[in-house]
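Hi,

Here is the structure I promised to pass on. Have a look at it first, then read my notes below.

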Amino acid sequence: MNDLFPEPLPDGITLLPRQADAVALLPLIDAIAAMSPPRHLTVPGGGSMSVAMTNCGMLGWVSDRSGYRYDRIDPLTGRPWPAMPAAFTELAAGAAAQAGFAGFMPDACLINSYAPGARMGLHQDRDERDFAWPIVSVSLGLDAVFLIGGTRRADPTRALVLADGAVLVFGGPARRMYHGVRPLKAGHHPLLGARRLNLTFRKAG
DNA sequence: AAGTGGCT
DNA sequence: TTAG
């Protein structure tokens with residue numbers, strides 16, 4: 001039961017049900033988090049994000065008081081982000097190909113950790129160089145309600161449930177749409193406890 | 001500006 | 001309860 005609404009998904013959105021190989025990413029995520037720990041980034045204006053973030057790959061998405069950017073260096077450690085494991089690249093490229101984006105080779109993977117109550121306000125992903133490449137999102141742990149709107153922030157939104165192991169590919173016309181995540185509900189996952197992890201793969205540079 | 005909370 |  002993925003759709004809260006019966007209508008077909010917006011053009012450019014592909015939702016793949018639970019991918020059996022997604023659970024294999026968990027120990028790799030732990031290793032990345034040991035090198036570049038998830039942290040609550042500051043946003044322009046001075047607020048703090050409720051989602052804890054880290055990255056792997058050549059580029060990582062970061063925010064601070066001065067704005068958003070991709071950076072080769074983790075500002076917390078002063079070192080490059082951990083390398084992107086081959087299993088990450090393979091899962092993302094395979095999902096993108098199934099959604100019609102052959103040749104997707106991500107250079108950035110943003111790893112988001114949601115505790116109960118954590119949310120992501122409506123936003124566009126617009127810090128990447130080429131919007132022709134999709135964004136591939138892998139969900140692990142607790143279910144989340146994903147919101148997808150239009151190209152203007154005030155456009156009405158629809159809701160999708162992103163369950164453990166689900167992979168969402170966000171490309172074509174959907175690439176520029178506002179999207180977000182409702183506050184995470186409390187719950188328990190056998191491997192992750194009261195947590196949701198989300199990996200978003202991008203071709204940023 | 002990917003925040004948050006309060007007001008109308 | 002939702003929109004702004």
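**Salt bridges, a buried serine and the DNA**

Let me start with Glu-128: its relative accessibility is 6%, so it counts as buried. Before I go on, please keep in mind that this is a predicted model.

Which residue does Glu-128 pair with? Its salt-bridge partner is Arg-202, and the closest N and O atoms of the two are 3.3 Å apart. This pair ties together distant parts of the chain: Arg-202 sits in strand S12 (residues 196-202), while Glu-128 is in the loop between S6 and strand S7 (135-141), 74 residues apart. Arg-202 is buried too, because its relative accessible area is 7%, and the cut-off for buried is under 20%. The two also belong to a network of salt bridges that links Asp-125, Glu-128, Arg-175 and Arg-202.

In total, the structure holds eight salt bridges. Another one joins Asp-74 and Arg-39, with 2.8 Å between the closest N and O atoms. Here again distant parts of the chain are linked: Asp-74 is in the loop between S4 and helix H2 (86-98), Arg-39 is in the loop between H1 and S2, and they are 35 residues apart. Both Asp-74 and Arg-39 are buried.

Asp-74 has a second partner worth a look, Ser-36. The side chains of Ser-36 and Asp-74 make a polar contact at 2.7 Å. You'll find Ser-36 in the loop between helix H1 (26-35) and strand S2 (52-56). Is Ser-36 buried or exposed? Its relative accessibility is 2%, so Ser-36 counts as buried. Setting aside neighbours within four places in sequence, Ser-36 is in contact with Thr-54, Asp-74, Thr-77, Trp-81 and Pro-82.

For a salt bridge in another setting, try Asp-71 and Arg-69, whose closest N and O atoms are 3.2 Å apart. Asp-71 counts as partly exposed because its relative accessibility is 23%. Arg-69 is at 28% relative accessibility, so this residue counts as partly exposed as well.

Now for the DNA. How many residues are around DNA strand B? There are 17, and the ones that come nearest are Ser-48, Trp-61, Gly-121, His-123 and Arg-153. By type, the residues of this surface divide into seven nonpolar, six polar and four charged. Strand S4 (67-71) and strand S6 (120-123) each supply at least two residues of the surface near DNA strand B. The largest share comes from S6, with four residues.

And which parts of the DNA does the protein meet? Of the atoms of DNA strand B within 4 Å of the protein, 55% belong to sugar or phosphate, and the rest belong to bases. A few individual atom pairs are easy to pick out on screen:

- Ser-48: a backbone N or O atom lies 3.1 Å from a sugar or linking oxygen of DNA strand B.
- Tyr-68: a polar side-chain atom lies 3.3 Å from a sugar or linking oxygen of DNA strand B.
- Gly-121: a backbone N or O atom lies 3.1 Å from a phosphate oxygen of DNA strand B.

If you want a route through the model, begin at the network that includes Glu-128 and Arg-202, move on to Asp-74 and its salt bridge with Arg-39, and finish at the surface near DNA strand B, where S6 supplies four residues.

Cheers

How values were computed
Residues are numbered from 1 along each chain as its sequence is written. Chains are lettered from A and ligands numbered from 1 in the order in which they are written. This is a predicted model: local features need pLDDT of at least 70, side-chain atom pairs count only at pLDDT 80 or more; totals for chains, interfaces and linings use all residues. Side-chain values use heavy atoms; hydrogens and water are left out. A residue is near a molecule or strand if one of its heavy atoms lies within 4 Å of it. A polar contact is a pair of N or O atoms within 3.5 Å; within protein, one must be able to donate a hydrogen and the other to accept it, and residues adjacent in sequence count only if both atoms are side-chain atoms. Ala, Val, Leu, Ile, Met, Phe, Trp, Tyr, Cys and Pro count as nonpolar, Asp, Glu, Lys and Arg as charged, and the others, Gly among them, as polar. Buried means under 20% relative accessible area, exposed over 50%, partly exposed in between (1.4 Å probe, protein chains only). Contact means heavy atoms within 4.5 Å. A salt bridge is a side-chain nitrogen of Lys or Arg within 4 Å of a carboxyl oxygen of Asp or Glu.
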